[in-house]
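Open the model in your viewer and get ready to click along with me. We will go from stop to stop, selecting a few residues at a time.

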Amino acid sequence: MLAVGEKEIRASFVNCSKGEASRLNLPRDLAERPWEDLDFLGWRDPGAPDRSYLVMPYEGRLTGVTLRVPQGPRKSLTKTNICSLCLTSHPGSGVTLLAARKAGAAGRQGNTVGAYICADLACSLYVRGKKKLELAQRFEETLTLDEQIDRLVGHVEAFLTQVHRQA
């Protein structure tokens, strides 16, 4: 992914108002992000732990979505879950359900789509082996690294397609 700035990020959001996009907390370390290793920019809002954001080039333009952690009971620390985007296995709360309000009229009616995603949104780094957690693991695969990256990008694009779908 190419490095992007604050203005581009704020203008990219498709499932929130311009006012909401102007008020969201951006990562403070944008300049230090490993852009060459990122397929998408993802971050948790430090001021609102139930909010996350994902920004990625999609269908020829930068597209951002706001994500929420649905309210409810927390996951067990003894269970292992797998991210639906990068297929990294995490114990406990390392994978969380993130829900995105749909774009347009469907979102204004309250429709959402969700996926189980790495809680830190570092999927790109896990796939490349650039980030490792003590208890997180990636299963050995027969796919090449490029094929795994293509699969990750395809999963994120499929999620963004669901956000854009009006039905």
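Let's start at Asp37, which is buried, with a relative accessible area of 13%. Keep in mind as you look around that this is a predicted model. To find Asp37, go to the loop between α2 and β1. Now, which residues does Asp37 touch, not counting those up to four places away in sequence? Select Ser124, Leu125, Arg128 and Lys130, and you have them.

**Into the core**

Next, select Ile9, Phe13, Trp43 and Cys123. Of the 47 residues in the largest nonpolar core, these four touch the most other members. Colour the elements that each supply at least two residues of this core: the strands β1 (41-44), β2, β3, β6 and β7 (112-118), and the helices α4 (123-128) and α5 (145-164). Which of them gives the largest share? Show α5, since 6 residues of the core come from there, the largest share. As a general rule, in soluble globular proteins nonpolar side chains tend to be buried together.

Stay with Ile9 for a moment and display its surroundings. Leaving aside neighbours within four places in sequence, Ile9 is in contact with Val4, Leu26, Leu30, Leu41, Trp43, Val55 and Leu62. Trp43 is thus worth keeping on screen, as it appears both in that list and among the core members that touch the most others.

**Cysteines without bridges**

Now select the cysteines. How many disulfides does the structure hold? The count is 0. Zoom in on Cys83: the nearest cysteine sulfur, that of Cys123, is 3.6 Å away, and Cys83 is in no disulfide, because a disulfide needs two cysteine sulfur atoms within 2.5 Å. Is Cys83 buried or exposed? Cys83 is buried, with a relative accessible area of 0%.

Move on to Cys118, which is in no disulfide either; the nearest cysteine sulfur is that of Cys86, 3.5 Å away. Cys118 also counts as buried, at 0% relative accessibility.

**A pocket to explore**

Turn on a surface and look for the second largest pocket, which holds about 300 Å³ of space. To centre your view there, select Cys16, Glu20, Arg51, Thr66 and Arg68, which lie nearest the centre of this pocket among its 16 lining residues. Four elements give two or more residues to the lining: α2 (18-23), β2 (51-58), β3 (61-68) and β6 (95-101). What kinds of residue will you find there? Colour the lining by type and you should see 7 nonpolar, 3 polar and 6 charged residues.

While β6 is in view, pick out Val95, which lies in that strand. Val95 is buried, with a relative accessible area of 1%. Try a distance label from Val95 to Ala21: the two are 74 residues apart in sequence and 25 Å apart in space, C-alpha to C-alpha.

**Two loops with a positive phi**

For the last stops, select Glu59 in the loop between β2 and β3. Glu59 is not a glycine, yet it has a positive phi of about 50°. Glu59 is exposed, with a relative accessible area of 67%.

Then jump to Leu121, in the loop between β7 and α4. Phi of Leu121 is near 55°, again a positive value in a residue other than glycine. Is Leu121 buried or exposed? Leu121 counts as buried, at 4% relative accessibility, whereas Glu59 is exposed.

Conventions: Residues numbered from 1 in each chain as written. Predicted model: local features only at pLDDT ≥ 70, side-chain atom pairs only at ≥ 80, totals over all residues. Heavy atoms only, no water. Buried < 20%, exposed > 50% of the residue type's maximum accessible area, 1.4 Å probe, protein only. 1 Å grid on protein atoms, 1.4 Å probe; cavity = no way out; pocket = protein on both sides within 12 Å on 5 of 7 lines; lining within 4 Å. Points joined across faces, edges and corners; volume = space filled by probe spheres on them. Nonpolar A, V, L, I, M, F, W, Y, C, P; charged D, E, K, R; others polar. Core = buried A, V, L, I, M, F, W, Y, C linked by side-chain atoms within 4.5 Å. Contact = heavy atoms within 4.5 Å.
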